[in-house]
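Please examine the sequence and the three-dimensional structure shown here before reading on. The explanation that accompanies them is written to be followed with the structure in view.

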Number of protein chains: 2
Amino acid sequence: MGGLRGNIVIGQSGGPTHVINQSLVGIVEAALVAAPGSRVLGALHGIKGVLEERFVDLGRESRETLEAVAQTPGAALRSVRKKPTREECERALQVFTKHDVHCFFYIGGNDSAETAHLLNELAVAAGYDLRLFHVPKTIDNDLRVTDHSPGYGSAARYVALSFLGDNVDVRSLPGVKLNVVMGRNAGWLTAASVLARQHDDDGPHLIYLPERPFSIERFVSDVAEVQQRLGRCICAISEGVRDESGALIASSKETDSHGNVQLSGSGALGDRLASALKAGLGDKLRVRADTFGYAQRSFPGVASPVDASEARAVGRAAAQFALSGDSQHGSIAIVRTSNAPYSVRYERVELRLVARDTRPMDSELIRGHNDVAPAFVEYVRPLVGELPRNARLSDFSA
Amino acid sequence: MGGLRGNIVIGQSGGPTHVINQSLVGIVEAALVAAPGSRVLGALHGIKGVLEERFVDLGRESRETLEAVAQTPGAALRSVRKKPTREECERALQVFTKHDVHCFFYIGGNDSAETAHLLNELAVAAGYDLRLFHVPKTIDNDLRVTDHSPGYGSAARYVALSFLGDNVDVRSLPGVKLNVVMGRNAGWLTAASVLARQHDDDGPHLIYLPERPFSIERFVSDVAEVQQRLGRCICAISEGVRDESGALIASSKETDSHGNVQLSGSGALGDRLASALKAGLGDKLRVRADTFGYAQRSFPGVASPVDASEARAVGRAAAQFALSGDSQHGSIAIVRTSNAPYSVRYERVELRLVARDTRPMDSELIRGHNDVAPAFVEYVRPLVGELPRNARLSDFSA
């Protein structure tokens, strides 16, 4: 293989994160060094921009602009939710041929890895020389193989901070507070709420993950028990909770081209559960339901330092693997080499190991039907970083 | 009057804010200096704690604890939504007599000012020597007389930051994004979203305030126009929007003892408007509705520096007015003495001028039926402080 001939394209895909631009800039930085003769292009709106030949020249950006972009949430190249057809993948290869592109980086989640995998299989079959790397990102943390995904630590930080806020808010004006958290297929993000437990009686008091069947009846009795004991109850509920039969508790008809049902951007699940509580426990109970929105992936200023630097490093690693000539294609996995002190290394893995399927939380990270295990706290804490502490008056036993 | 004889009680009331504990600590600090012979007590859950004689001794707290509490959101003394009856006010005076309390500070909004006013009238009628100050706080910014309310700047900062996040998120994956913002009676908090406009095409593109009648039909056509022009549309919508007849677009049956309807903690308004858009503009339109939740008043780390220091100063000012012997009762107003550079002073005002009624946004701060005027931007910017800038790639015209 050796040095790259031709140009490089980078695309961003799927839901943006706080740090997806760190990976973009990491690739650009490393590519400008490793392939000085190549143009580094950005495709607007991911694979859609490739098909429409909408490219920007990332090599022309100043270091200053790149650094500012790296620290801005959202996808600077814009994103897309699109699973290309076989014909579209063929068309993409034609566009690559036309623009002399022989290296493609696709920053995204499992669906984007699937797109990369499809494109790669087609390039191999066609004998088209294409180095192709998937660069992982997802706030859902549901990618296979990698220890965790860039984007997760920062979203988890937003979630933990929100629950910290709720702990003081609901302690001020007691009642039941339901927070619906993103994560269609896996409970990783919902589980991160556990980091808000600082004092003995802090919430979240109940944590419901899609990995465990959800029963509205049992939920009502769980809440009643906590409310009875503490006079307040804060619940973390994944938007993806399902009943015994696997049916989503909150469902809507809208799906994207990967078949994913729309769950976010609607208050339906929270409102439904709040109604169930009032029906079961009485209308006088103060119940509030917040559905955490897009702030989970875009609220400025909450990027976890570890997440930001890892997202950058994952971009650089992908470019180095691709451009050193050591490997033609793959995805990047983060391998945790130690937890205290926390350290990681970056590894190339096969695209097919990351594509399509998602990874639920491991059983040993979950406790019963409404909590996480201590092992999860150990897992997540270094990814989120230091959190502010909710101070209390000392003379509060009175 | 002169020096205070007897003890001091402080209570916190209504929805907490990011900086309500700054005011608490401001009162404590100033009281410990100005009335060294008095005990400084905190009533748990506001007037409820007075009635139940549940007090903590704030004079025993270390400086370190007080400072940490000042920087923690939520009401450290816990809060309450309660309008006491005349009998309860009489009972409160009996409790004050029993505990030798001759000075009461009540930190809260217009409802709490009303409670303070009732209690004061009764004390005057009974000839009971009571210095009584209302200390303003509300994220809604709807108190009369004062230029703005402690608590508003920080909540406005959370709102502006959320819209900054949405600007990059919705630019990444275009569609219509509706954000429902707190503010039952006035649009101040919703209007603060305007600070997220950094680039020409940034949102919020439409801002709907309770001060202007809301028509679902006109809303749908407003959104269609922006969506047509920019390919995306971000809307800021107050939870308190009402139709021509004054009826809330989102309504629920739950009210508190002041007669306030529950609006927050439910996704009903956002979901209703999203449905109207899909019905009017087609099912294929990507529409997401987030109802900003309690994070608006409690998310850690977003306190505006100006708001935090003013909340502290307002507490100190109340204690100084009360304990210097210059005035027996009142509330504190912030008077803006200059906007560039921004500066304020603190003034005592009569309780009745702040009690009960709220203040909507002034007409000259509003533009048309779906925007704010430049005068509002000048008004709000210093209260919120510097915001991070969303960086874009420079070569983005492509």
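The paragraphs below take up the relation between the chains, their interface, the enclosed cavities and a single histidine.

The structure is a predicted model, and its two chains, A and B, may be considered first as copies. Two copies of a chain are related by a rotation about an axis together with a shift along that axis. Here, a turn of 180° and a shift of 0.0 Å along the axis lay chain A on chain B with an RMSD of 0.0 Å. That is the relation of a two-fold axis. The residue of chain A that comes closest to this rotation axis is A:G267, whose C-alpha lies at 2.1 Å. Both copies use the same surface for the contact, since 100% of the contact residues of chain A recur in chain B.

The interface itself can be described by residues and by area. Chain A contributes 72 residues to the contact, and chain B contributes 72 residues. The size of an interface is often given as the accessible area that is lost when the parts come together. Between chain A and chain B, the buried area is about 5400 Å², and carbon and sulfur atoms give 55% of it. Three residues, A:Y294, A:F299 and A:L393, supply 12% of the area that chain A buries against chain B, which is more than any other three residues supply.

Attention now turns to enclosed space. Rolling a probe the size of a water molecule over the atoms shows where empty space is left. The count comes to 9 cavities of 30 Å³ or more, and the largest cavity holds about 180 Å³ of space. Of the 21 residues that line the largest cavity, those closest to its centre are A:Y158, A:F292, A:G293, B:Y158 and B:G293. The elements that each give two or more residues to this lining are α6 (152-172), β9 (287-291) and α10 (295-298) of chain A, along with α6 (152-172) and β9 (287-291) of chain B. By class, the lining comprises 8 nonpolar, 7 polar and 6 charged residues.

The final site is B:H99. This residue is found in chain B, in the loop between α4 (86-98) and β4 (101-108). Is B:H99 buried, partly exposed or exposed? Its relative accessibility is 24%, so B:H99 counts as partly exposed; the class of partly exposed residues lies between under 20% for buried and over 50% for exposed. Leaving aside residues up to four places away in sequence, B:H99 touches B:N7, B:E53 and B:F55. By contrast, B:V168 stands 69 residues from B:H99 in sequence and 56 Å from B:H99 in space, C-alpha to C-alpha.

Conventions: Residues are numbered from 1 along each chain as its sequence is written. Chains are lettered from A and ligands numbered from 1 in the order in which they are written. This is a predicted model: local features need pLDDT of at least 70, side-chain atom pairs count only at pLDDT 80 or more; totals for chains, interfaces and linings use all residues. Side-chain values use heavy atoms; hydrogens and water are left out. Helices (H or I, at least four residues) and strands (E, at least two) are DSSP runs, numbered from the N terminus. Buried means under 20% relative accessible area, exposed over 50%, partly exposed in between (1.4 Å probe, protein chains only). Contact means heavy atoms within 4.5 Å. On a 1 Å grid over the protein atoms alone, a cavity is a set of points where a 1.4 Å probe fits but cannot get out, and a pocket is an open set with protein on both sides within 12 Å along at least five of seven lines; lining residues have an atom within 4 Å of a point. Grid points are joined across faces, edges and corners, and a volume is the space filled by probe spheres set on the points. Ala, Val, Leu, Ile, Met, Phe, Trp, Tyr, Cys and Pro count as nonpolar, Asp, Glu, Lys and Arg as charged, and the others, Gly among them, as polar. Copies are superposed by least squares on the C-alpha atoms of residues with pLDDT of at least 70 in both. Buried area is the accessible area (1.4 Å probe) that two parts lose on being put together, summed over both.
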